Structure formats: structure tokens, C-alpha cells
Amino acid sequence: MKIGVLTGGGDCPGLNAVIRAVVRKADAFDSRVVGICNGWKGLVDLAPMDLDIKAVTGILHTGGTIIGTSRTNPYKDPSGPDKVLRNFRLLGLDALIAIGGEDTLGAASKLFERGLPVVGVPKTIDNDLSGTDFTFGFDTAVSIATEAIDRIHTTAESHNRVMVVEVMGRHAGWIATFAGIAGGANVVLIPEKSIDIDEVCDLILRRHSRGKNFSIVVVAEGAKFQEKPGAEGELVTQEARTDEFGHVQLGGISQLLASAIEKRTKFETRFVVLGHIQRGGSPTAHDRILATRYGIYATEMVHRCEFGKMAALQGNRIVAVPLAEATAKEKTVDMVLYSVAEEFFG
Ligand code: F6P
């Protein structure tokens with residue numbers, strides 16, 4: 001078989017581990033792999049690259065993606081899907097492995113309906129893809145955010161400050177919740193629950209009245225302030241411009257939060273935006289293993305002609321779930337888990 005592989009959306013630690021596993025497993029099946037450069041853009045514009053064993057040697061531990069990525073939406077232009085299908089045939093491909101999050105795999109799901117033999121691999125540091133317990137990249141992001149919170153602790157304590165740490169998480173607060181629990185945050189704010197600033201300040205004041213001289217607040221970039229009870233406000237954005245999937249560039253909630261906290265509590269407050277540091281660099285051992293398992297399983301799915309599905313982690317096993325099911329709605333934070341973080345608030 002001749003298999004195409006593409007990585008779409010935001011990059012994520014572990015992408016190269018998946019690509020390596022696909023190439024190695026394909027070789028064991030006597031199949032060939034072609035890299036499609038820069039996500040769906042490489043199928044719309046025809047940008048292939050050869051991926052042999054040599055090309056994937058030494059990349060297991062590296063961050064980013066050797067075949068590039070983009071937020072190109074093949075459905076943005078009405079001629080896009082036809083171009084993808086035509087170029088897929090032109091390259092003589094038998095199957096495509098699309099590694100991505102809800103946007104990339106949402107497009108894969110629609111293209112499958114149009115006859116594209118595609119298999120998905122779940123990627124996003126946000127961990128907000130349904131059908132799978134975990135996406136690869138998430139563990140790395142949580143580890144980086146936890147380390148950052150640990151470091152912020154010592155400076156917060158030395159200066160008697162409140163520190164607000166902004167982590168990624170557009171629709172879901174998985175990174176905030178996990179890193180908040182692991183880092184011992186005093187408040188964790190997520191998109192799933194709008195921010196009641198009075199409650200946040202009460203928690204901080206309560207903590208400081210008990211003799212603590214500093215607090216750590218972790219906030220997901222996609223969290224929103226509550227405008228009035230039951231009504232949430234707007235997303236805090238960097239730019240009004242949207243990408244091809246209609247997403248705005250988020251960022252800045254921590255700054256607003258820090259100034260509101262300082263104004264109300266009178267405690268000196270600073271903010272830190274972790275941003276793309278969470279997506280860069282080497283994947284954790286956990287993510288290398290998960291990404292490798294996904295790559296092997298996805299290649300097996302291709303050889304079983306099990307198309308229109310995504311390799312997914314359920315419990316301890318990798319299974320195949322329909323792409324349509326995985327991309328139907330975002331997987332938001334389990335509130336039972338969030339309540340564990342809440343035990344340590346204030
Ligand atoms: O989708 C993953 C993600 O890391 C989000 O958490 C974040 O909002 C977005 O990507 C940032 O994307 P970009 O790198 O395109 O600014």
C-alpha cells in the first residue's frame with residue numbers, strides 16, 4: 001500500500017513519534033509512506049515528501065513535526081475537497097492517516113463521507129477530543145505547566161503575591177485542572193464554569209486570613225467571566241481575526257483577572273501567560289509511548305481497511321472509534337475530577 005500521512009492544527013509534542021511508528025509499521029507490511037506537508041494544505045496544493053526509515057530515524061524524542069502543520073481548512077474554499085480527492089489519487093495513495101484535533105479530524109470525517117479512505121490519530125495538548133480518554137501531547141503540556149507552577153510558588157511566596165498562571169485550553173480546562181491539582185493551585189478556573197470574581201477573591205482572602213501570604217490561581221485561556229448570575233461573558237482574545245476554522249486567538253484572561261484580584265483584595269498580584277511553551281520541545285515518556293501506540297494501531301487499521309475511524313485510548317487499550325463520533329462534540333472536563341481541585345481552593 002501507499003499511505004499518506006499528515007499533521008494538522010497546532011503542533012503537539014509526540015507528532016514525530018506517531019510519524020516514526022507509522023513509517024516503521026508500514027515498512028513491516030511492505031507498504032510505503034508519503035508525508036503530506038503542512039496539514040490539509042499539502043493535499044490542496046500538492047506538497048508531498050518521501051518518508052522512509054532514514055527520514056524518521058532519531059525523531060522519537062523531538063518536538064514539533066518533521067512534515068509541518070497548518071490550520072488550513074479544506075472546506076474553506078468550495079473547491080478544496082475536490083482538490084484533496086484529486087491530489088490523493090494523483091499521488092497514487094491507497095490511504096491517508098490524518099493526525100490532528102477536532103478541526104483536522106472533523107475535515108477527515110467529512111472527506112471520508114466523500115470517499116477518502118482515512119484513519120485518524122487524536123492529537124491535541126488540550127485533551128478535548130471525544131472518543132478517547134487521552135490525546136498525546138496533553139501529558140507533556142501538563143508536566144510543563146506543573147513545573148511552571150512549582151517555580152511560580154517560590155517567587156509568589158517570597159514576595160507575598162498572588163500569581164495568576166494562564167495555561168492553554170480553548171474549549172476545555174483539562175490542562176488547568178490537571179496542572180492545578182499537580183501544582184497545588186489555590187484556585188483553578190476553566191471554560192466549563194464561568195468565573196465569579198467575588199467568589200475567587202473570597203477564596204483568596206480566606207486563605208490569607210488563615211496566615212498564608214501568597215496564592216496561586218491557574219486559569220485556562222478559554223475561561224470567561226460571569227457577567228451576572230447564570231450569564232457568562234465573552235472570550236478574552238488577542239486578535240479579532242479568526243483562523244480558517246473560525247477560531248479567534250485567545251489570550252489575556254490572566255491579566256484581567258490579576259488586576260481585578262489586586263483591586264478587590266489589595267494583595268499585590270502578577271500574571272504569567274505560559275502560551276506556546278506548553279506545546280514546544282520534547283514529549284514526556286508517557287506521550288512518546290501513547291503516540292507510538294497510536295501510530296502502530298492506525299497503520300494496522302489502514303491495512304485492515306478500517307477507514308472513517310480514529311485510533312483511541314479507552315482504559316488501557318487502543319481501539320477504533322468512528323471519526324464522526326469523536327468530532328461530534330468537545331470532551332469537557334469531568335466535574336468529579338474538578339471537584340478534586342476544588343478541595344484545595346482557598
Ligand atoms: O488547539 C490547541 C491550542 O494549543 C489551543 O489551546 C490554543 O488556543 C491554540 O492551540 C493556539 O493556537 P495557535 O498556535 O495557532 O495560536
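User: What makes a pair of atoms a polar contact?

Analyst: A polar contact is a pair of N or O atoms within 3.5 Å. In this predicted model, an N or O atom in the side chain of Arg 170 is 3.4 Å from an oxygen atom of the ligand; because the cut-off is 3.5 Å, the pair at 3.4 Å counts as a polar contact.

User: Which distances separate polar side-chain atoms of Arg 71 and His 276 from an oxygen atom of the ligand?

Analyst: For Arg 71 the distance is 2.8 Å, and for His 276 it is 2.8 Å. Each value lies within 3.5 Å, so both pairs are polar contacts. Of the 400 Å² that the ligand exposes when taken alone, the protein buries 80%.

User: Why is the ligand said to lie between domain 1 and domain 2?

Analyst: Residues of both domain 1 (2-137 + 283-326) and domain 2 (139-279) belong to the shell around the ligand, so the ligand lies between them. That shell includes Arg 71, Asp 126, Glu 221 and Arg 279. By class, five of its residues are charged, two polar and two nonpolar.

User: Which pocket does the ligand take up?

Analyst: The ligand takes the space of the largest pocket.

User: What makes an empty space a cavity and not a pocket?

Analyst: In a cavity a 1.4 Å probe fits but cannot get out, whereas a pocket is open. The structure holds one cavity of 30 Å³ or more, and the largest cavity has a volume of about 40 Å³. Its lining includes Gly 8, Trp 40, Arg 71 and Phe 245. The lining residues comprise five polar, two nonpolar and two charged.

Note on methods
Residues are numbered from 1 along each chain as its sequence is written. This is a predicted model: local features need pLDDT of at least 70, side-chain atom pairs count only at pLDDT 80 or more; totals for chains, interfaces and linings use all residues. Side-chain values use heavy atoms; hydrogens and water are left out. A residue is near a molecule or strand if one of its heavy atoms lies within 4 Å of it. A polar contact is a pair of N or O atoms within 3.5 Å; within protein, one must be able to donate a hydrogen and the other to accept it, and residues adjacent in sequence count only if both atoms are side-chain atoms. Accessible areas come from the Shrake-Rupley method with a 1.4 Å probe; for residues, only the protein chains shown count as cover. On a 1 Å grid over the protein atoms alone, a cavity is a set of points where a 1.4 Å probe fits but cannot get out, and a pocket is an open set with protein on both sides within 12 Å along at least five of seven lines; lining residues have an atom within 4 Å of a point. A molecule sits in a cavity or pocket if more than half of its atoms lie within 2 Å of its grid points. Ala, Val, Leu, Ile, Met, Phe, Trp, Tyr, Cys and Pro count as nonpolar, Asp, Glu, Lys and Arg as charged, and the others, Gly among them, as polar. Domain bounds come from an automatic or database domain assignment. Grid points are joined across faces, edges and corners, and a volume is the space filled by probe spheres set on the points.
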